[in-house]
Amino acid sequence: MDHLKSLIREVPDFPKPGINFFDITTLLKDAGGLKAVIDGLAGHYAGKGIQTVAGIEARGFIFAPAVAHVLGAGFVPIRKPKKLPAETERVEYALEYGTDVVEIHRDAVEPGQKVLIVDDVLATGGTASAAARLVEKLGGKVAGLGFVIELDFLHGSDKLAGRDVYSLIHY
Ligand code: AMP
């Protein structure tokens with residue numbers, strides 16, 4: 001995983017002062033790095049009966065469909081508000097300042113369906129925890145949450161306690 005770490009670019013003070021941004025574009029352009037990430041995430045969840053992989057907008061969309069393809073599952077998008085055209089379900093969650101919302105199509109997940117949620121970075125865990133509640137609102141079972149990067153010092157996994165959380169790279 002040190003090799004994968006070396007492919008991730010850290011950009012200080014982006015998008016605002018004090019944020020150290022983990023840029024995965026440098027990992028994506030490396031053929032071996034991209035393969036290792038997709039195989040790593042899919043490998044962890046192989047044989048667990050995943051039927052749907054839900055990707056979180058925007059960078060979750062890069063990884064989730066490829067993981068779904070390897071697992072033989074479908075892909076559904078979890079989006080920012082007012083992007084999805086048909087009937088949606090929504091979950092609002094707290095940010096440091098204010099609130100944010102994630103939405104999913106009402107017919108994206110069937111009751112009892114086993115769903116894997118995928119995103120690029122687990123930071124404070126607010127987004128991923130809202131995504132999990134969203135899937136559960138539709139009656140789906142959150143079989144796991146997979147991330148390329150987890151920022152351990154932000155303790156995002158505390159918000160996902162009791163869930164199968166798997167991250168390839170830890171900082
Ligand atoms: P959070 O809800 O705090 O866990 O934030 C997760 C979302 O914000 C993910 O979709 C990430 O893409 C993005 N994110 C948060 N912090 C960073 C960071 N330091 N570098 C890159 N992306 C980040």
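## The β5–β6 hairpin

Strands β5 and β6 (residues 99–105) run antiparallel to each other and pair over seven bridges. Strands here, like helices, are DSSP runs numbered from the N terminus (E, at least two residues, for a strand; H or I, at least four, for a helix), and two strands pair if DSSP finds at least two bridges between them. One bridge to pick out: E92 has V101 in β6 as its partner. Four residues sit between the strands of this hairpin, and G98 takes a positive phi near 90 degrees there.

Which side chains of β5 (residues 88–94) are buried? E89, V91 and Y93, which point to one face. T88, R90, E92 and A94 point to the other face and are not buried. Buried means under 20% relative accessible area, exposed means over 50%, and partly exposed is in between (1.4 Å probe, protein chains only). That is the usual picture: in a regular strand the side chains alternate between the two faces of the sheet.

## What sort of model this is

This is a predicted model, so a few filters apply: local features need pLDDT of at least 70, side-chain atom pairs count only at pLDDT 80 or more, and totals for chains, interfaces and linings use all residues. Residues are numbered from 1 along each chain as its sequence is written, and side-chain values use heavy atoms, with hydrogens and water left out.

## The whole chain

The chain has five helices and nine strands, and along the sequence they come in the order α-β-β-α-α-β-α-β-β-β-β-α-β-β. Its radius of gyration is 15 Å, close to the 16 Å that the globule rule gives for 171 residues, so the chain is as compact as a globular protein of that length. For the record, that radius is taken over C-alpha atoms, and the rule is 2.2 Å times the number of residues to the power 0.38. The C-alpha trace spans about 40 × 40 × 30 Å along its principal axes.

Of the 171 residues, 44% are buried. Take the contacts (heavy atoms within 4.5 Å) between residues at least 6 apart in sequence: 57% of them join residues at least 24 apart. About 8600 Å² of the chain is exposed surface, with carbon and sulfur atoms supplying 54% of it; the areas come from the Shrake-Rupley method with a 1.4 Å probe, and for residues only the protein chains shown count as cover.

## R106, just past β6

R106 is in the loop between β6 and β7 (114–122). How exposed is R106? Partly, with a relative accessible area of 41%.

The C-alpha atoms of R106 and T88 are 4.9 Å apart, although 18 residues separate the two along the chain. Leaving aside neighbours within four places in sequence, R106 is in contact with E87, T88, E89 and L138.

## Backbone oddities

Most residues other than glycine have a negative phi, and most peptide bonds are trans. The loop between β1 (9–12) and β2 (20–23) holds P15, and the peptide bond from F14 to P15 is cis, with omega near 0 degrees. D13 is in the loop between β1 and β2 as well, and has a positive phi of about 60 degrees despite not being a glycine.

A second cis bond runs from E57 to A58, again with omega near 0 degrees; A58 lies in the loop between β3 (52–56) and α4 (60–71). Then there is K82, in the loop between β4 (74–78) and β5, another non-glycine residue with a positive phi, near 65 degrees. At 80% relative accessibility, K82 counts as exposed.
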